[in-house]
Structures are given as C-alpha cells and as structure tokens.
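Colleague: Could you take me through one part of this model closely, namely the place where its two domains meet? I am new to this, so please explain the terms as you go.

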Amino acid sequence: MHQEKIAAVIQEVKKVVVGQDKMVNRLLIGLFTNGHILLEGVPGLAKTLTVNTLAKVLHLNFNRIQFTPDLLPSDLIGTMIYNQQTGSFEVKKGPIFSNVILADEVNRSPAKVQSALLEAMQEKQVTIGETTFQLDRPFLVLATQNPVDQEGTYPLPEAQVDRFMMKVHIDYPSKSDELEVMRRMSNMQYSSDVKAILSKQDIFDIRNEINSVNLAEPLENYIIELVFATRFPQQYGLKDEAKYIMFGVSPRASINLNLASKAVAYMDGRDYVLPEDIKEIAEDVLNHRILLNYEAEADGIDTRSLVRTLLEKVPINKSVTLK
C-alpha cells in the first residue's frame, strides 16, 4: 500500500522536477529513516526546487534558510523579544521550527551558525533563553553546498559533516532532460502545482515498516567489513588506497548503511536486503566520512572513487581478522 503511495509521490515530483531521480530517491530515504542529507552540486540543478516540491507532495511544513556570512544563530533557532505591553520577554521561534528545512549554501555561514544547525539536527531540540523546545516531527534537514566559488566560505568541519546521513553529489542533466527543462521553464504559462500524497502518519507508518525489513547476518557482516576496510585498508589488500586515507569512517557509517539499505529494499518492494542494496547506497553514505590526505588531492583521488574501489575489492561472506 505504502509502496504505491511512494511511487505516486515520485511521479508527482516529476511533474515539476526533470531528471533528478537519484536526488528524489535519496531525499525520501533520508525522510523515511530519520536522516539528514547534504546535497552538493553546481548552481541551477534544481536542488531548491526539488526540496520545495517534495515538501508540498508530502504535506509537510517547509522553510528555506539562505545561509550568509552575517547570519546569526538567533536567526536560525529564534530569540527572546521584549513585549512592551506585558513588560516581559517572549520567545520568538526561528525558521528551524518546521518539518523540512532547506539550509541553502550552508558553507557560507560561520561556525556558530553551522553548529547551531547541527545541534538541532542531532538533538531534535533547541534552547531559547532558559526554555528547551522540541522540534516538529518528522524533522529533516537538507543542506546544500556549492562546490564552485569557494572564496569567502566556511567549509563544514569533517566531524560535523559526519552527522549527515548521506552526501549526495548532483550531476548535470542529460541532453534529453535538459531539453525538457528548457521547454517547460520557457513556457510562461507552465504551472508547478502539485497535490499532497502522503500524510505525517503515513511517514511514521513507513518508518515502522522499514524497521521490520530483514537484514541477514552475512550482510550485516559485509557492512562491518566495508567500514573496517576504510580504517585498516592494508589488512584488506588495499595497499594502493591505504596511502591516501588519513582517517576511516565513524560508527555512524555502519548505522546509516544498515538503515539506508533497508530503505532501498523497502522502496523496491522487498522485506529483505540484497547485497546490491548496500552497494547502491554505499557511495552516498561513506564518501563524506573518509578523510583523505594531501597526497590524494595531488594525485586526483577523491572519496567517491575510493568507495567504488572498496566495493570492488571487499568480498561478501569473507571476514578479515585484524592484527
């Protein structure tokens, strides 16, 4: 029943967004597994439009926050204001109090604002004055960062990037997709109205159903092997790759690989996980958690290609005893 509704959600989003099926899929996985998503891509790839459209289709409250160098934490979470009529201070909640938050160009704001956002993501609550407020549920943060024009930006620290379930790289559309985009957007009578498909209760029900998807023990072990291969690559025969890795992934990687692979299986209509589900999602879950050294940058090695190598060389059903 819910798989049919999810398919309807995807079709409804496609009425507005062309050629970004992977991005929509990853956003839904994040929503259904209570994880936050970091989107990276050049301007104009419909990142903001996709998030906004998805929030409408899911009937969720949506707020877009444009991150700038002069943004303050109070602009994000809210502050205390003085009411002259009552002679007392009152809480004015910020835009973080919504179901879906688009943190646009999150790397343009200073560390205090970034840490305020990441704390809200982790704790699902914020403190204004002396009062702590729970954030709305479901609560999903979708942050975007622009890989070009890095001058004057504040890159997210590696330890904080780890709090995102996935980092999804958005690529240019194909020729046919771009032709369709051009035709749609150049028609000044084009309407981007969509209808709501899922309710909040549907989302909570889907989460419960994903939680019951079976992940067999050999596949659990496979996830652990992938994670440990980033930490001890030489033990897995990855001698060439070992010279590039400064730090492997954290335990959040194994947790999120487990959750995301279950979501992939569920959205494919299965109640059990296949090895292909883990491989499909591994790059997005692992790529931002591996810290490379300067030698990797000099040799043109990035984390995405490294993860693909891991998937090729780390076997299933074979554990390595670390010395």
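Modeller: Happy to; here is a walk through the meeting place of the domains, with a few other spots afterwards.

Residues are numbered from 1 along each chain as its sequence is written, and side-chain values use heavy atoms, with hydrogens and water left out. This is a predicted model, in which local features need pLDDT of at least 70 and side-chain atom pairs count only at pLDDT 80 or more, while totals for chains, interfaces and linings use all residues.

Let us begin with confidence. The term pLDDT is the predictor's confidence in each residue, from 0 to 100. For the protein chain its mean is 83, and 93% of the residues reach 70 or more. Confidence is lowest in helix α6 (residues 158-161), with a mean of 75, and highest in helix α11 (residues 251-267), at 92. Helices (H or I, at least four residues) and strands (E, at least two) are DSSP runs, numbered from the N terminus. Where pLDDT is low, the predicted coordinates should not be read in detail.

Now to the domains, whose bounds come from an automatic or database domain assignment. Domain 1 covers 2-188 + 195-201, and domain 2 covers 213-313. Taken over C-alpha atoms, their centres are 25 Å apart. Contact means heavy atoms within 4.5 Å, and 23 residues of domain 1 are in contact with 19 residues of domain 2.

The size of an interface is often given as the accessible area lost when the parts come together. Buried area is the accessible area (1.4 Å probe) that two parts lose on being put together, summed over both. Between domain 1 and domain 2 it is about 1,800 Å², with carbon and sulfur atoms giving 55%. On the domain 1 side, Gln3, Asp162 and Met165 lose the most area to domain 2, together 30% of what that side buries.

Asp162 has another part to play here: its side chain meets that of Arg289 in a salt bridge (2.5 Å, N to O). A salt bridge is a side-chain nitrogen of Lys or Arg within 4 Å of a carboxyl oxygen of Asp or Glu. Five salt bridges are counted between domain 1 and domain 2, and the structure holds 14.

Which elements of domain 1 touch domain 2? At least two residues each come from α1 (2-14), α2 (21-32), α6 and β9 (166-169). The most come from α2, with six residues. The residues of this side divide into 10 nonpolar, six polar and seven charged. By this count Ala, Val, Leu, Ile, Met, Phe, Trp, Tyr, Cys and Pro are nonpolar, Asp, Glu, Lys and Arg are charged, and the others, Gly among them, are polar.

Finally, some spots to find along the backbone. The peptide bond from Arg137 to Pro138 is cis, with omega near -5°, and Pro138 is in the loop between β7 (131-134) and β8 (140-145). Glu105 has a positive phi, near 55°, though it is not a glycine; this residue is in the loop between β5 (100-104) and α5 (111-123).
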